[in-house]
Amino acid sequence: MVEESLKNYIETSILPLYDGFDAAHQRNHVDMVIEQSMEIAAQLDVDMNMVYAIAAYHDTGLTVDRKTHHLVSGKIIKEDMRLRDWFSDEQIETMAQACEDHRASSDHEPRSIYGRIVAEADRFIDPDTIILRTVQYGLANYPELDKEGHWQRTICHLHEKYAEGGYLKLWFDNSPNIARLNALREIIKNESLLRQKFEYLYDMLTKMTR
């Protein structure tokens, strides 16, 4: 169980930050990461207050930028004096490191089990949602691309991150993400099906912005 006072602070002061983030990182995303983190942690010998706080803070660095948001999230944890009401300096350092280590593209493995928990929870792999967010991100950040350019970017990203040999790593052998990742890989292999999904999403999203 999470201490009620900690939960109240995070729900009123931290989670509202996500309302201003991009479509892939809004409140529904952090709620999912919290839920997944707590579910994973329930099978482990860990501090549930720490797990909850790490999940809640893991993307707060998006208040500054996307590229270094994982590092900024760690800094935000260290600089939030209210967290000293519930955690020791050592716990806060572990929590900050977990946020710093959660990115799928990180060049090193998470330094603690807390980092592995949030990294795994952040990788809730629903194939259609992954494809949707890939197209959304491309439209938001590469407006100079035409439709074919967005298609090529979508393919490249999905292969680089999710296909066999991609940089995405899963940290728990019993993770439900394993089956979902395999389902996504089957879609990636089937380029005609992937193109069909892309066409539908691209047309839908571009119509919404007109």
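The points below concern the pockets, the nonpolar cores and one buried histidine of this structure, which is a predicted model.

1. The largest pocket has a volume of about 1,100 Å³, and its lining is made up of 38 residues. Those that lie nearest the centre of this pocket are A24, H25, R66, Y137 and H157, and a reader who wishes to inspect the site may take these five residues as a starting point.

2. As to which helices line the largest pocket, at least two residues each come from α7 (127-141), α8 (147-161) and α10 (191-208). Of the elements involved, α7 makes the greatest contribution to this lining, namely eight residues. Sorted by class, the lining of the largest pocket holds 16 nonpolar residues, together with 11 polar and 11 charged ones.

3. The second largest pocket has a volume of about 190 Å³. The residues that line it are Q36, E39, I40, Q43, L44, E120, F172, N174, S175, P176 and N177, with helix α2 (residues 27-41) giving the most to this lining, at three residues. By class, the lining of the second largest pocket comprises four nonpolar, five polar and two charged residues.

4. Turning to the interior, the largest nonpolar core contains 40 residues, within which I10, Y57, L83 and F87 have the most contacts. At least two residues of this core are supplied by each of α1 (4-13), α2, α3 (48-57), α5 (89-100) and α6 (113-121), and α3 gives the most, with nine residues. In soluble globular proteins, nonpolar side chains tend to be buried together.

5. Leaving aside residues up to four places away in sequence, I10 touches L15, P16, Y52, A53, A56 and Y57. Apart from the largest core lies another, of 19 residues, which includes I130, Y162, I187 and I188.

6. Is H150, a residue of helix α8, buried or exposed? H150 counts as buried because its relative accessibility is 4%, and the cut-off for that class is under 20%. When residues up to four places away in sequence are not counted, H150 touches G138, L139, Y142, L145, F198 and Y202.

7. The separation of H150 from E79 may also be noted: the two residues are 71 residues apart in sequence, and their C-alpha atoms are 39 Å apart in space.

Definitions and conventions: Residues numbered from 1 in each chain as written. Predicted model: local features only at pLDDT ≥ 70, side-chain atom pairs only at ≥ 80, totals over all residues. Heavy atoms only, no water. 1 Å grid on protein atoms, 1.4 Å probe; cavity = no way out; pocket = protein on both sides within 12 Å on 5 of 7 lines; lining within 4 Å. Points joined across faces, edges and corners; volume = space filled by probe spheres on them. Helix = DSSP H or I, 4+ residues; strand = E, 2+ residues; numbered from the N terminus. Nonpolar A, V, L, I, M, F, W, Y, C, P; charged D, E, K, R; others polar. Buried < 20%, exposed > 50% of the residue type's maximum accessible area, 1.4 Å probe, protein only. Contact = heavy atoms within 4.5 Å. Core = buried A, V, L, I, M, F, W, Y, C linked by side-chain atoms within 4.5 Å.
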